[in-house]
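Work through the following exercises with the sequence and the 3D structure at hand, and try each task before reading its solution.

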Amino acid sequence: MKVKMISRNPDDYLRETKHDIHKLVRNHNLPTDSFRAQTEYTRAMNATKLERVFAKPFLASLDGHTEGVSAIAKHPLRDSVVLSASRDGQVRIWDLPTKNCLSTIQSHDGPLNGMSVDAVEGMSYVTVGQDCQLKTWRLPHPIGGKKMGVPLNQITLDGVAHAVSHLAASTDFVTCGDDVSVWKASRDTPVRTYKLGVNTIHVIKGNPIEEALMVGATMDRSIWVLDARAQAPLKKVTMKLRPNAISWNPMVINEFVVASDDYNLYTFDLRHLSHPKNVHVGHTNAVMDVDFAPTGKEFVSGSYDRTLRIFPNDNGHSREVYHTKRMQQVLSVLFSMDNKLVLSGSDEMNIRVWKARASEKMGPMNPRERAAMEYAEKLRETYKEHPQIKRIARHRHVPKSVYSATNEHRIIRQSEKKKEANRRTHAAEGEVPHVPERRKHMVVNEEL
């Protein structure tokens, strides 16, 4: 018995592809020439696939710490120098091009809570620890610099300082703990002290543009804005879960992003602090740290789900997610000053260096190669809304634990939406109001 094989005519596939291309041309004002549009679409598809093939973001690992890396700080005047601190109070100063450790200092007799580099002279940095000590250290020169094992200045505090941050265009810095204190580098006592209640202040960041402006967070889930020229906080808002880290946008004076315990990040505008400007989702566990890129267009976040993600500033979803088999909970992250690299410090005592663009070629390129890459990038941007190209460009492999948690969170959100819709259907009109997603995570707004 002969079986007749029925195969589809290849012209049918070509006809469907042409139909998709013509639809894309009409919707996005692309070239009207059918042959030209089809050729550019094919090139854009190939460029997108090659981008994923050459996506190898991991560059190097800087090891040497004997405890989890709890903080990473950048040098504001030297792109190649970064500082790292571990939970045992050890500080290491690294030269990224050579991957060498320039200096190792046992800064505190216990965990180090925070450190900040002077942004004016770039010759010193300040550390605070659980031993109630505030210390100022000199930075060694990258080439043949003298290693400093003794602090330039040491001050015993009345309580534990949980964070430190320098103010913009100044050698002054601010610390937080039971209160907020503003210090001058030449004095052993604070210039000003602010009492903000009974709750411990665990995060504080000075604005990189306006020298008198700072933002912080307390253990009662509150976020407050403080002007050093005022006597009390300007504004205060309370979230449903605790904020863990804050980072200012270096290009926008009134914008900052908050990493929260509820797996999300929130972009706030100082002019409208009652609700976040944007909600960034994707992590499946508490977000521990966040840092803005020097361009102000994107930021990197590290989470307890053992991944770090890079978010565009105006998008709620990440464009990249990085992970390795051995990397544990990410405690600290950093964007390099040249916008090329991302650093992450994790619980297994390693500092990992990643590319900010996973498929970007590092090193010199000849003009022809650069022109080809720019052309491919333009094609991907032009055809990024096509369904097949969009699917390939946004797909990322993630660990099984992250994949399972993402599906579980999706089911939970769908169930909550269905329950709310049923309650609204069977309740009186206006009894169950529609609450925007950006307002669901806030408790109260207090104008002080």
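Two exercises follow, one on a sheet and one on a helix.

The model is predicted, with local features requiring pLDDT of at least 70, side-chain atom pairs counted only at pLDDT 80 or more, and totals for chains, interfaces and linings using all residues. Residues are numbered from 1 along each chain as its sequence is written, and side-chain values use heavy atoms, without hydrogens and water.

**Exercise 1.** Determine the strand order of the open sheet that contains strands 10 to 13, and explain which strands stand at its edges.

Solution. Take strands as DSSP runs of E with at least two residues, numbered from the N terminus, and count two strands as paired if DSSP finds at least two bridges between them. The 4 strands then follow the order 10-11-12-13 with antiparallel pairing. Strand 10 (163-166) and strand 13 (192-194) each have a single partner strand, so one side of each lacks a neighbour in the sheet. Within the sheet, strand 11 (residues 173-176) and strand 12 (residues 180-183) are joined by 4 bridges, and cysteine 176 lies opposite valine 180.

**Exercise 2.** Identify the buried residues of helix 3 and explain how they are arranged around its axis.

Solution. Helix 3 (residues 367-382), a DSSP run of H or I with at least four residues, has 16 residues. Its buried residues (under 20% relative accessible area, 1.4 Å probe, protein chains only) are Ala376, Leu379 and Arg380. Seen down the axis, these residues fall within an arc of 100°, so they line one face of the helix; the arc is taken from the directions from the helix axis to the C-beta atoms. On the face turned away from the buried side, Pro367 and Glu374 are exposed, that is, over 50% relative accessible area.

Technical notes:
The expected span of a helix is 1.5 Å times one less than its number of residues.
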